[in-house]
Amino acid sequence: MTACQQPTGEQVFQPDPVRMVLRPAGADTLAGEPGIDAVPTPENEPNKIQIQWYRHHQINNLDRFLVYRSADPQGIKNYRVVGEVPANVSGKVDSVYYDTQDLSNNVRYYYYVTAVGHTGKESLPSDTVSYRLLEKAVKLSLNGNASVVSEPVMEFEWWIQSGNTPDQYILRIERFVSADFHPLAFVRMIRSNYQTPQTFRLEGNELKSLFPNGDYRWRIDCVGREDVVNQYFEGSESNWQLFKIRWND
């Protein structure tokens with residue numbers, strides 16, 4: 001009888017599946033964007049892709065997480081490991097992986113994550129999420145490349161080099177207090193005019209109360225398909241542009 005008994009303890013421990021952070025509808029208009037998203041890179045490179053999952057409830061029994069990727073969603077055999085993330089990193093609520101490997105615009109990439117226990121046993125796959133990188137906005141300029149705004153007029157301009165413009169853009173402006181602290185000051189969804197360059201104008205004395213004197217940064221996000229149910233997203237993020245506001249009294 002003893003020869004037929006199953007081993008116990010860590011020998012048979014298999015972690016529960018990873019729970020992906022699901023991005024809520026309209027998350028591109030919020031200060032934080034959990035889940036899967038584009039991450040800015042130098043202007044001549046495609047964005048990185050960020051994948052995020054909740055802190056695992058069995059984290060103390062885990063060794064690492066494995067991130068799988070495929071450009072073809074049909075069949076698990078088409079996925080390969082593109083990254084590892086150590087488990088139980090101090091101070092981290094959620095786990096994040098940044099994919100930088102051979103990414104191209106206009107290709108949909110599919111991801112899932114597994115957890116690996118201390119004994120090497122791997123969990124079942126998480127839900128699959130996907131992202132398609134769009135061409136990002138370039139040649140960003142504010143008031144003709146001004147570095148300081150002193151009058152209540154802010155005209156933003158950007159280009160899509162190929163002319164393949166998205167349906168929508170998002171303008172983000174953050175107060176730049178330090179490299180680690182840059183609270184969101186303004187965000188606006190902008191309908192594309194399907195031309196390049198695209199411009200957007202803010203003006204009026206109310207800008208003085210909206211944007212107190214200080215250092216700021218801004219960027220443009222391109223927004224494509226948003227399908228929360230099927231976790232299909234697409235977009236891109238430009239590089240940040242720094243500027244100062246010093247209102248003339």
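A salt bridge is a side-chain nitrogen of Lys or Arg within 4 Å of a carboxyl oxygen of Asp or Glu. The exercises below apply this criterion and others to a predicted model.

**Exercise 1.** Determine which salt bridges arginine 64 forms with aspartate 63 and glutamate 84, and describe where the residues lie.

*Solution.*
Step 1. Side chains of opposite charge can pair when their charged atoms come close.
Step 2. Between glutamate 84 and arginine 64 the N to O distance is 3.6 Å; because the cut-off is 4 Å, this pair qualifies as a salt bridge. Glutamate 84 belongs to strand S4 (residues 80-86) and arginine 64 to strand S3 (residues 62-70), so that distant parts of the chain, 20 residues apart, are linked.
Step 3. Arginine 64 also meets aspartate 63 in a salt bridge, with 2.9 Å from N to O.
Step 4. Arginine 64 has a relative accessibility of 27% and therefore counts as partly exposed. Aspartate 63, at 35%, counts as partly exposed.
Step 5. The structure holds 13 salt bridges, the two treated here being among them.

**Exercise 2.** Establish how glutamate 237 and arginine 219 are connected, and whether they are buried or exposed.

*Solution.*
Step 1. The two side chains form a salt bridge with an N to O distance of 3.2 Å.
Step 2. Glutamate 237 is part of strand S15 (residues 232-237), and arginine 219 is part of strand S14 (residues 214-227); the pair therefore ties together parts that are 18 residues apart in sequence.
Step 3. Glutamate 237 and arginine 219 are both buried.
Step 4. A network of salt bridges links Arg172, Arg219, Asp221 and Glu237.

**Exercise 3.** Characterise the surroundings of arginine 69.

*Solution.*
Step 1. Arginine 69 is located in strand S3.
Step 2. Its relative accessibility is 9%; because buried means under 20%, arginine 69 is classed as buried.
Step 3. The side chain of arginine 69 makes a polar contact of 2.8 Å with the side chain of aspartate 99.
Step 4. Leaving aside residues up to four places away in sequence, arginine 69 touches several residues, including Asn78, Tyr79, Arg80, Asp99, Tyr109, Tyr110 and Tyr111.

**Exercise 4.** Derive which strands stand at the edges of the sheet with the order S8-S10-S13.

*Solution.*
Step 1. This is an open sheet of three strands with antiparallel pairing.
Step 2. Strand S8 (138-142) and strand S13 (198-203) each have a single partner strand, so both stand at the edges and one side of each lacks a neighbour in the sheet.
Step 3. On average, neighbouring strands of this sheet are turned by 10° against each other, direction ignored.
Step 4. Strand S10 (residues 153-159) pairs with S13 over six bridges in the antiparallel sense. Methionine 154 has leucine 202 in S13 as its bridge partner.

**Exercise 5.** Classify the ring pair of tryptophan 53 and phenylalanine 65, and that of phenylalanine 211 and tyrosine 216.

*Solution.*
Step 1. The structure holds eight aromatic pairs.
Step 2. For tryptophan 53 and phenylalanine 65, the ring centres are 5.4 Å apart and the planes stand at 65°, so the pair is edge-to-face. Tryptophan 53 lies in strand S2 (residues 48-53) and phenylalanine 65 in strand S3, so the pair ties together parts that are twelve residues apart in sequence. Tryptophan 53 and phenylalanine 65 are buried.
Step 3. For phenylalanine 211 and tyrosine 216, the centres are 5.8 Å apart and the planes stand at 85°; this pair is therefore edge-to-face. Phenylalanine 211 and tyrosine 216 are buried.
Step 4. Ring pairs join Phe186, Phe211, Tyr216 and Phe243 into a cluster.

Key
Residues numbered from 1 in each chain as written. Predicted model: local features only at pLDDT ≥ 70, side-chain atom pairs only at ≥ 80, totals over all residues. Heavy atoms only, no water. Buried < 20%, exposed > 50% of the residue type's maximum accessible area, 1.4 Å probe, protein only. Helix = DSSP H or I, 4+ residues; strand = E, 2+ residues; numbered from the N terminus. Polar contact = N/O pair within 3.5 Å; in protein donor to acceptor, adjacent residues only side chain to side chain. Contact = heavy atoms within 4.5 Å. Pairing = 2+ DSSP bridges. Axes fitted to C-alpha atoms, helices over the stretch in contact; angles between N-to-C directions. Phe/Tyr/Trp six-rings, centres within 6.5 Å; stacked < 30°, edge-to-face > 60°.
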